[in-house]
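Colleague: Could you walk me through how to read a model with two chains? I would like to take it one feature at a time.

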Amino acid sequence: MTDSKYFTTTKKGEIFELKAELNSDKKEKKKEAVKKVIASMTVGKDVSALFPDVVNCMQTDNLELKKLVYLYLMNYAKSQPDMAIMAVNTFVKDCEDPNPLIRALAVRTMGCIRVDKITEYLCEPLRKCLKDEDPYVRKTAAVCVAKLHDINAQLVEDQGFLDTLKDLISDSNPMVVANAVAALSEIAESHPSSNLLDLNPQSINKLLTALNECTEWGQIFILDCLANYMPKDDREAQSICERVTPRLSHANSAVVLSAVKVLMKFMEMLSKDLDYYGTLLKKLAPPLVTLLSAEPELQYVALRNINLIVQKRPEILKHEMKVFFVKYNDPIYVKLEKLDIMIRLASQANIAQVLAELKEYATEVDVDFVRKAVRAIGRCAIKVEQSAERCVSTLLDLIQTKVNYVVQEAIVVIKDIFRKYPNKYESVIATLCENLDSLDEPEARAAMIWIVGEYAERIDNADELLESFLEGFHDESTQVQLQLLTAIVKLFLKKPTETQELVQQVLSLATQDSDNPDLRDRGYIYWRLLSTDPVAAKEVVLAEKPLISEETDLIEPTLLDELICYIGTLASVYHKPPSAFVEGSRGVVHKSLPPRTGSSESAESPDTAPSGVQAPEQPAVIPTQGDLLGDLLNLDLGPPVSGPPMATSSVQMGAVDLLGGGLDSLMGDESEGLRSDVGGSPAMGGGGGFAAPSAAAPATLGAPLSSGLGDLFDLTGGVGTLSGSYVAPKTVWLPAMKAKGLEISGTFSRQVGSISMDLVLTNKALQVMSDFAIQFNRNSFGLAPAAPLQVHAPLAPNQSVEISLPLNTVGSVMKMDPLNNLQVAVKNNIDVFYFSTLYPLHILFVEDGKMERQMFLATWKDIPNENEAQFQIKDCSLNADAVSSKLQGSNIFTIAKRNVEGQDMLYQSLKLTNGIWVLAELRIQPSNPSFTLSLKCRAPEVAPYVFQAYETVLKN
Amino acid sequence: MLNGLHPKMIHSLFLINCSGDIFLEKHWKSVVSQSVCDYFFEAQEKAVDVENVPPVISTPHHYLISIYRDKIFFVSVIQTEVPPLFVIEFLHRVADTFQDYFGECSETAVKDNVVIVYELLEEMLDNGFPLATESNILKELIKPPTILRSVVNSITGSSNVGDTLPTGQLSNIPWRRAGVKYTNNEAYFDVIEEIDAIIDKSGSTVFAEIQGVIDSCIKLSGMPDLSLSFMNPRLLDDVSFHPCIRFKRWESERVLSFIPPDGNFRLISYRVSSQNLVAIPVYVKHMISFKENSSSGRFDVTIGPKQNMGKTVEGVVMTVHMPKAVLNMNLSSTQGNYTFDPVTKVLTWDVGKITPQKLPNLKGAVNLQSGAPKPEENPSLNIQFKIQQLAISGEWMLGKIDAGGTNGITIGNGALLLLIFQLEVLN
């Protein structure tokens with residue numbers, strides 16, 4: 001007899017029957033009845049009505065029956081909370097059972113009963129089980145803490161279970177350690193701020209030891225936990241890598257991929273010159289290739305991850321092209337992923353092989369696959385210039401097959417090839433035109449229309465061809481309509497005499513008969529351009545186009561770095577950061593790759609690297625005050641709308657509309673952008689880790705670099721050192737992660753009376769940036785840009801531009817906290833970004849800040865003593881004269897010097913741009929490197945900032 | 001959208017057969033409605049072929065991660081960010097366990113043993129954390145069904161569930177139970193190599209790769225400590241090990257040293273990618289042509305042996321995906337049977353053994369849909385066959401087996417060396 005007997009029902013009604021059997025006196029009958037109940041459960045039948053009867057069977061010596069009842073309880077306790085309480089006594093009793101199997105079973109089941117009322121009864125048994133003598137019970141109890149935390153987090157914290165759990169990381173049994181790590185990671189995930197998994201070299205060592213001995217699943221938990229650790233230097237990183245590498249040979253692919261994640265992340269810290277770095281690279285290839293011989297589902301996940309890995313470190317798999325060749329029996333989802341990786345690995349060395357393969361694929365049966373293969377041929381042409389000609393001829397061969405979808409796909413990619421290699425392959429246009437009629441997909445139609453428009457002068461019947469498309473204008477998709485509009489305008493500019501009628505027709509179709517705002521707007525712009533200044537129109541419409549970049553589908557570098565930290569997870573399968581698909585940003589901490597040590601910057605700031613979560617002070621994201629939001633929204637970041645709006649001509653209406661619309665959408669984006677910043681503010685910590693080494697620079701950067709920078713500024717400024725005050729090295733104000741690829745670093749300087757903000761804008765995105773503008777929020781000293789932000793050429797990817805933005809102090813004033821906080825909005829063609837920075841106060845010290853002696857004495861006396869503030873400037877070895885001249889460079893003037901009992905007293909004055917005087921007394925003892933600075937000022941709140949300025953100037 | 005606060009890992013599991021019936025569901029947390037599977041069915045419909053259903057599917061509130069094994073979809077419901085490989089590996093382990101317990105992993109086997117299946121699933125996963133997945137341990141906790149035992153159980157009322165803690169569960173060698181005793185101590189190692197090769201029209205190898213495994217069946221008493229050395233370990237660079245193998249010893253001495261699990265297990269799997277090593281032991285002469293403007297074509301294929309080192313090529317099966325325009329095929333074979341499925345357009349020829357005296361040949365006419373243009377696709381031929389007692393990757397044979405203190409054991413050294421070829425001949 002098999003279990004299928006449990007499914008047979010009688011006519012009386014199943015539930016009724018079962019109830020009777022459950023209450024039977026015969027043990028065996030009871031057990032059979034419970035089995036029937038379970039069997040019904042397995043197929044999704046609702047048997048919750050039997051709850052009291054099943055629970056009655058719980059008190060038994062028969063372990064199988066007990067297990068079955070527990071199984072039932074877990075499923076239905078939630079729907080019967082009042083009845084579930086009946087089970088509590090048995091649980092408590094079972095937790096004391098001499099058999100560890102039963103103790104573990106009880107604690108395990110208890111945790112699965114998600115009923116609030118019950119949980120408090122469970123604390124005592126759980127506490128005992130966490131300290132049980134049997135490791136099997138301890139490891140089960142560890143998981144139970146995580147379950148309980150999910151039901152009632154507060155209770156778990158109050159009962160001190162988290163500490164007990166942390167202690168279990170040092171347990172003697174590796175399985176217990178692994179489960180404790182798993183439970184802590186799970187809890188930590190819902191409490192990103194808590195410091196639950198306090199990883200330090202000692203605990204890491206324990207984990208690495210447990211890694212060798214625990215089960216495969218435990219290894220995955222431990223490896224994932226290790227990946228979150230930030231080693232303190234490259235030596236530690238290397239030693240962890242060495243101990244993780246053996247996991248690459250594990251039979252469980254999840255272990256392998258988790259190990260790959262740890263290695264990929266820590267490799268970031270190793271110097272590329274290191275022998276070990278090369279060894280590690282070599283060791284990574286075989287396990288990745290091995291993953292491709294596993295089951296297809298595993299291959300799929302592996303391939304998605306390999307896609308990331310080859311983008312980050314192409315050298316790992318560059319010789320392994322052949323393993324990515326498609327096998328006839330691969331499922332389609334594997335085939336498509338393999339194609340992607342083939343393109344990524346394509347190079348001059350292997351392009352012949354790749355092309356031969358792709359050509360084969362293009363004759364396969366599966367339509368999606370064939371399309372992608374054709375597209376891949378085009379991508380090869382764009383990526384490997386030497387192969388372009390062969391690719392084009394392959395594509396022409398494919399067009400000759402006349403297979404409809406192959407032809408369409410080929411035309412789409414040939415358009416891209418034209419963009420990449422202008423004036424090289426236009427001879428094929430005739431062949432393309434032959435296939436005009438067979439194109440029925442919007443993308444292919446749009447591509448063909450683009451080709452006709454772009455090369456109108458070479459195609460004799462271009463006007464006829466375009467006219468034929470125009471007939472069904474309203475039935476076309478937007479993509480085709482827009483392309484048709486542009487193509488006809490191009491044609492008109494090239495052959496104005498014959499095509500006037502055509503262009504008028506398309507303009508009126510686009511502007512008057514269409515509901516699509518994009519189409520209408522584009523129509524109006526062309527119309528206006530053509531009617532006001534045809535020459536300008538020619539320059540705009542027929543302008544030389546920038547070449548398209550090599551690989552259009554690369555993941556943005558900042559996102560890629562984040563995704564590398566998520567190797568092996570769903571994020572890596574979807575190529576999106578978890579924040580994009582995990583509900584609410586709570587529970588999501590942005591991860592970032594560790595900075596590479598061994599280079600000068602981070603080596604000198606060891607305290608910033610290991611923490612990794614410490615956000616650097618300066619480039620803080622703007623806080624979330626509502627009034628600030630309002631202020632920034634009021635800023636006019638759009639291009640100025642000049643000229644009175646005239647409602648007479650419809651064309652002009654359109655133009656004004658366009659700008660208005662642009663502004664509106666800008667505003668909309670802003671507020672959203674801010675909101676997401678707020679939600680993701682813990683993110684800054686992670687992101688900060690990235691920028692940490694350079695951000696910490698002013699305090700820790702060595703002299704050679706800063707003086708080098710100083711020299712540089714002197715050169716550009718063209719003024720001597722004396723007239724310019726100290727300039728701090730540039731720090732990152734806006735990391736690229738926060739600004740869609742725009743990175744801004746900068747500093748402030750003061751040269752002969754004028755303040756400027758020296759910026760470096762770096763484009764780390766994959767698209768060109770343009771239309772830069774900058775605005776400051778109101779601030780304590782009314783700092784404001786004295787001129788617009790001038791970026792002359794669009795900023796290409798991976799390019800930087802240095803700009804010196806002159807500032808004045810006539811802007812509107814609002815007291816900020818801290819006083820020298822400056823909030824900045826920068827706009828480009830992509831979005832508006834916000835950051836805030838602190839400026840050193842000495843840029844506000846004016847040149848005529850030297851007070852008369854008498855005046856000084858009088859003022860000093862006049863300012864009440866409670867306004868005096870004292871500070872210590874530590875570790876300064878300069879003598880009084882050097883101090884004096886150094887400070888003078890930054891407009892702090894020495895009025896008198898006295899020598900009292902062997903100490904030098906300097907009396908100094910300075911004036912801020914808003915007219916506030918600050919008086920200072922600086923006491924220097926020859927034997928003591930610590931100076932005492934007393935400041936008197938009518939506005940005492942500036943004193944700490946003046947002191948900071950002193951420190952900065954004296955120590956640099 | 002996933003909810004970041006919900007607990008980890010596998011929330012629920014559904015087993016679904018090819019016709020779309022959910023025949024088992026198991027929830028480790030709260031009950032998730034069956035309707036979540038609708039997203040899976042949608043994807044299944046889109047994929048047309050069962051093998052092409054994508055393994056990761058996102059739905060508004062969950063992720064579905066599935067595997068397809070033995071005509072069953074194992075669909076797991078996920079609520080948080082988890083390593084998908086973890087889930088997929090686990091699902092395969094579930095399927096392996098069914099296979100191990102019931103002799104087959106099938107809908108009937110699962111339905112006939114629902115209670116054991118449920119007990120197993122509960123034992124394998126707790127709150128999403130895998131608990132016991134080693135066959136040795138599971139079998140101590142839950143005894144596999146046998147006809148004899150179910151008779152005994154029903155008479156005596158004893159149960160299928162072990163009531164003591166499995167001995168291996170917590171030791172440093174969780175894969176082995178203590179107190180194993182055999183009267184005959186035996187150890188067998190099967191070396192199975194699968195060669196995947198693509199051969200072009202002219203007969204030269206485009207791509208070849210060897211996937212090898214050593215499957216072991218160890219029936220030794222006590223705690224045997226085995227070591228295994230190879231004649232030529234240099235070829236084994238890309239290896240995955242069973243956790244029982246001591247990695248350090250392999251790194252330093254190239255010796256496999258281990259305390260084996262009891263019973264059947266896969267000791268290592270390896271890959272050799274160098275194609276010059278692989279001499280393909282068969283050749284194929286083929287002629288497939290379609291006439292222009294006529295609804296017919298010719299098909300003629302001969303398979304012959306070459307350099308087979310005196311071993312027999314057997315279990316030869318050829319499959320060809322014919323172009324869509326093919327209606328049916330009228331062929332005659334000198335050996336074995338052929339079938340042509342007019343729906344999937346797959347021609348299968350079960351050749352059997354190849355004897356050099358009389359080469360197997362299959363030839364005849366192909367009928368095309370009338371009026372259809374001449375098919376463009378050149379069908380490629382997929383040929384599978386086996387050779388016993390021969391390892392292509394060659395010189396490395398099992399060298400020495402040292403079984404520590406155990407005396408008088410029988411060791412099947414290379415009891416089976418099996419080569420499975422998977423050739424794709426491009427036309």
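Modeller: Gladly; we will go through the interface, the sheets, the salt bridges and the backbone. Keep in mind that this is a predicted model.

Colleague: Then let us start where the chains meet. How many residues of chain A are in contact with chain B?

Modeller: On the chain A side there are 94 residues in contact, and they face 94 residues of chain B. The area buried between the two chains is about 8500 Å². Carbon and sulfur atoms give 59% of that area.

Colleague: And which polar pairs should I look for across the interface of chain A and chain B?

Modeller: A general idea helps here: side chains of opposite charge can pair when their charged atoms come close. Between chain A and chain B the count is 5 salt bridges. One of them joins Lys67(A) to Glu123(B), with 2.8 Å between the closest N and O atoms. For polar contacts, the rule finds 14 residue pairs across this interface, with both residues at pLDDT 80 or more.

Colleague: Which helix gives the largest share of the side of chain A that touches chain B?

Modeller: That is helix H9 of chain A, residues 135-151, which supplies 8 residues. Taken as a whole, the side of chain A that touches chain B has 49 nonpolar, 20 polar and 25 charged residues.

Colleague: Now the sheets, please. What is the strand order in the open sheet of 5 strands in chain A?

Modeller: Read it as E2-E3-E4-E7-E6, with antiparallel pairing. At the edges are strand E2 (731-734) and strand E6 (784-785) of chain A, each of which pairs on one side only. Further in, strand E3 (residues 742-751) and strand E4 (residues 754-763) of chain A are joined in the antiparallel sense by 10 bridges. To follow one bridge by eye, start at Ser749(A): its partner in E4(A) is Ser756(A).

Colleague: Chain B has an open sheet of 4 strands too. Why is one side of strand E15 and of strand E18 left without a neighbour in that sheet?

Modeller: The order there is E15-E16-E21-E18, again with antiparallel pairing. Strand E15 (282-290) and strand E18 (326-333) of chain B are at the edges and have a single partner strand each, so one side of each lacks a neighbour in the sheet. From one strand to the next, the twist averages 15°. E18(B) is joined by 7 bridges to strand E21 (residues 361-368) of chain B, and the two run antiparallel. Within this pair, Asn330(B) is opposite Ala365(B) in E21(B).

Colleague: Back to charges: how many salt bridges does the structure hold over all chains?

Modeller: Over all chains there are 50. Among them, Glu64(A) and Lys31(A) meet through their side chains at 3.3 Å, N to O. Glu64(A) belongs to helix H4 (residues 63-76) and Lys31(A) to helix H2 (residues 27-42) of chain A, so this pair ties together parts 33 residues apart in sequence.

Colleague: Last, what should I look for in the backbone?

Modeller: Most residues other than glycine have a negative phi, and most peptide bonds are trans. Asp771(A), not a glycine, has a positive phi of about 55°. Asp771(A) is found in the loop between E4 and strand E5 (773-776) of chain A. Lys71(B) also has a positive phi, about 65°, and lies in the loop between strand E5 (63-69) and strand E6 (72-78) of chain B. As for peptide bonds, the one from Asp817(A) to Pro818(A) is cis, with omega near -5°. Pro818(A) sits in the loop between strand E7 (800-808) and strand E8 (821-827) of chain A.

Key:
Residues numbered from 1 in each chain as written. Chains lettered and ligands numbered in written order. Predicted model: local features only at pLDDT ≥ 70, side-chain atom pairs only at ≥ 80, totals over all residues. Heavy atoms only, no water. Contact = heavy atoms within 4.5 Å. Buried area = accessible area lost by both parts, 1.4 Å probe. Salt bridge = Lys/Arg side-chain N within 4 Å of Asp/Glu carboxyl O. Polar contact = N/O pair within 3.5 Å; in protein donor to acceptor, adjacent residues only side chain to side chain. Nonpolar A, V, L, I, M, F, W, Y, C, P; charged D, E, K, R; others polar. Pairing = 2+ DSSP bridges. Axes fitted to C-alpha atoms, helices over the stretch in contact; angles between N-to-C directions.
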